[in-house]
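Trainee: Could you take me through one part of this model up close, and then show me what else is worth a look? I'd like it in plain bench language.

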Amino acid sequence: MYELNFSEAAGIIAVITVVSAIVVGVLKFIINDIYDFKNSNKRKEESKNSLTSIISNLSSSENTSKLSAAIMLRRFMNTKISHEFPYLQTESINVIASMLKVLPTGVFQKTLADGLAYAVNLSNVDLQRTNLQDTYLGRKDGTSILMDNTDLFLSDLSYALIEHIDGKAIFYRSILFCSQIKNCDFSGATFREADLTNTCFKNVILKDADFTGAINIPEAIEKELVLSDGKSIYPHEEPVSAKHSTLDKSIFFSMPSVMSKENELLTKDYKAYLEGLGYNVIYYIKDDYPSFGQLNRIREKILASSAMVAFGFKQTNIHDATFRPQTNNEEKWNDKWLATPWNEIEVGMGLMKGMPILLVKDPHIDMGIFDSNLSECFVAKVSTDDDSRKLAQNKEVVKWLSKITL
């Protein structure tokens, strides 16, 4: 019978030890992998349930719940969850984009829109026809958001702050009314037929950007455009800064030529308050109307202004009438009040110029420019019933003043 000597026995034991260690290691790896898989599935399920719950709260009737949900949605953007389960980030972005297609301008809309910046990469995202008014789209830490081929067709970025964005974003027919674009690289971006009224560019690279058909292009950019294959292209590589010329500190008052004493005193309160802030108020009364060229005179004064206050006072009383007769939207009017039609003309001129509007309206006036459903970040509304002695504390007045760029 063969007997193992000491060295042979030691070798066999060593081999058995190594094999055992390998087997234990493999088993441990398999067990850990199964554990991690189960944990991953659990985290995945928990994240999905959390996203579903957040989305449900976005439609809550409680404003607090909606705003909280809008903020919580950001956790699926640039976090460990988004890296592990990227489709959750995609779904979150799609939810925000779809809601911004229908939401009116306001705190909830802005909170949702501001959440897009947390995604870091918004390339190829469909943001067509979205309400991005008053949005901050950028990174405060100085890092950039990538927006390569991001589609912003017909999106509204009025008064938006766009900062630290890189990529060939598509602003085709976008509204960039009074927006600020800073420290971006929009080489090859598309601004075709965009509205650049009062848009400010600061340290922006626009090499080969397409401005074909854009309106109100800042002069410093427009004069450098070259024609290439039928397109108006910005050719330079150096960052450009450009803005529209500054305006006088004038505010145009749109108001009836004939008013009640109470209404006249109200306009005088607003005039005194704004003049106290250093503004020149264009208070256009009946005696100032010329015998000809009335529209040109108004246009001249509005063009020299930086903002407008439109007073919607009772001017026409309709006792009995039919509005939109023989249509699906026919309405019967009884004791209906209308403001002066000059409000519509003058506010229209102001909007074409690109200025913030403050609407001071009688509660009984709810039509045209004074429609309560009007939703624009650059249009503020106050009631004639508000205390005109406390305009400095009126949030809507303060918001309107903050939009005035000089």
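Mentor: Let's start at the N-terminal end of α10, which is capped by Asn 394. A side-chain oxygen of Asn 394 sits 3.0 Å from the backbone nitrogen of Glu 396. Keep in mind as you zoom in that this is a predicted model.

Helix α10 itself covers residues 395–402, and Val 397, Trp 400 and Leu 401 are its buried residues. Look down the axis of α10 and those buried residues fall within an arc of 100 degrees, so they line one face of the helix. Turned away from that buried side is a face with the exposed residues Lys 395 and Ser 402. What do the buried residues of α10 pack against? Their partners are four strands and a helix by name: β11 (250–254), β13 (307–312), β16 (357–361) and β17 (379–383), plus α7 (261–276).

Since α7 has come up, follow it to Thr 267, which is found in that helix. Thr 267 has a relative accessible area of 0%, so it is buried, the cut-off being under 20%. Its side chain reaches the backbone oxygen of Glu 264 at 2.6 Å. Leaving out residues up to four places away in sequence, Thr 267 touches Phe 253, Met 255, Met 259, Tyr 283, Phe 311 and Phe 313.

Ser 155 makes a good companion to that one. Ser 155 is in the loop between β2 (145–146) and β3 (161–163), and it is buried, with a relative accessible area of 0%. The side chain of Ser 155 reaches a backbone oxygen, that of Leu 152, at 2.6 Å. Once residues up to four places away in sequence are set aside, what Ser 155 touches is Leu 127, Arg 129, Thr 130, Ser 174 and Ile 175.

Stay in the loop between β2 and β3, because Tyr 159 is found there. Tyr 159 has a phi near 60 degrees, a positive value in a residue other than glycine. Why look twice at a positive phi? Most residues other than glycine have a negative phi. Tyr 159 is buried, at a relative accessible area of 10%.

Asp 229 also has a positive phi, of about 55 degrees, and is not a glycine. You'll find Asp 229 in the loop between β8 (226–228) and β9 (231–234). Is Asp 229 buried or exposed? Asp 229 is exposed, with a relative accessible area of 78%.

Move along into strand β9 and you reach Ser 232. At 22% relative accessibility, Ser 232 counts as partly exposed. Ser 232 and Gly 213 are 19 residues apart in sequence, and their C-alpha atoms are 8.0 Å apart in space. Apart from neighbours within four places in sequence, Ser 232 is in contact with Ala 209, Asp 210, Phe 211, Thr 212, Leu 225 and Val 226.

Now for a pair of helices. Helix α4 (residues 86–100) packs with helix α5 (residues 107–114) at an angle of about 145 degrees, and their axes are 10 Å apart. The crossing of α4 and α5 is left-handed. On the α4 side the contact uses Ile 96, Met 99 and Leu 100, which meet Phe 108, Gln 109, Leu 112 and Ala 113 in α5. Sorted by type, the residues of the contact of α4 with α5 come to 6 nonpolar, 1 polar and no charged.

Phe 108 turns up again if you click on Leu 67, in helix α2 (residues 63–72). Leu 67 touches Val 107, Phe 108 and Thr 111, with residues up to four places away in sequence not counted. Leu 67 counts as partly exposed, at 27% relative accessibility. Asn 57 is 10 residues from Leu 67 along the chain, and the C-alpha atoms of the two are separated by 8.9 Å.

To finish, zoom out to the whole protein chain. It holds 10 helices and 17 strands. Of its 406 residues, 41% count as buried. As for contacts between residues at least 6 apart in sequence, 50% of them join residues at least 24 apart.

Key
Residues are numbered from 1 along each chain as its sequence is written. This is a predicted model: local features need pLDDT of at least 70, side-chain atom pairs count only at pLDDT 80 or more; totals for chains, interfaces and linings use all residues. Side-chain values use heavy atoms; hydrogens and water are left out. Helices (H or I, at least four residues) and strands (E, at least two) are DSSP runs, numbered from the N terminus. Buried means under 20% relative accessible area, exposed over 50%, partly exposed in between (1.4 Å probe, protein chains only). A polar contact is a pair of N or O atoms within 3.5 Å; within protein, one must be able to donate a hydrogen and the other to accept it, and residues adjacent in sequence count only if both atoms are side-chain atoms. Contact means heavy atoms within 4.5 Å. Axes are lines fitted to C-alpha atoms, for helices over the stretch in contact, and angles run from 0 to 180 degrees between N-to-C directions. A crossing is left-handed if the near helix is turned anticlockwise from the far one by less than a right angle, and right-handed if clockwise. Ala, Val, Leu, Ile, Met, Phe, Trp, Tyr, Cys and Pro count as nonpolar, Asp, Glu, Lys and Arg as charged, and the others, Gly among them, as polar. The arc is that of the directions from the helix axis to the C-beta atoms.
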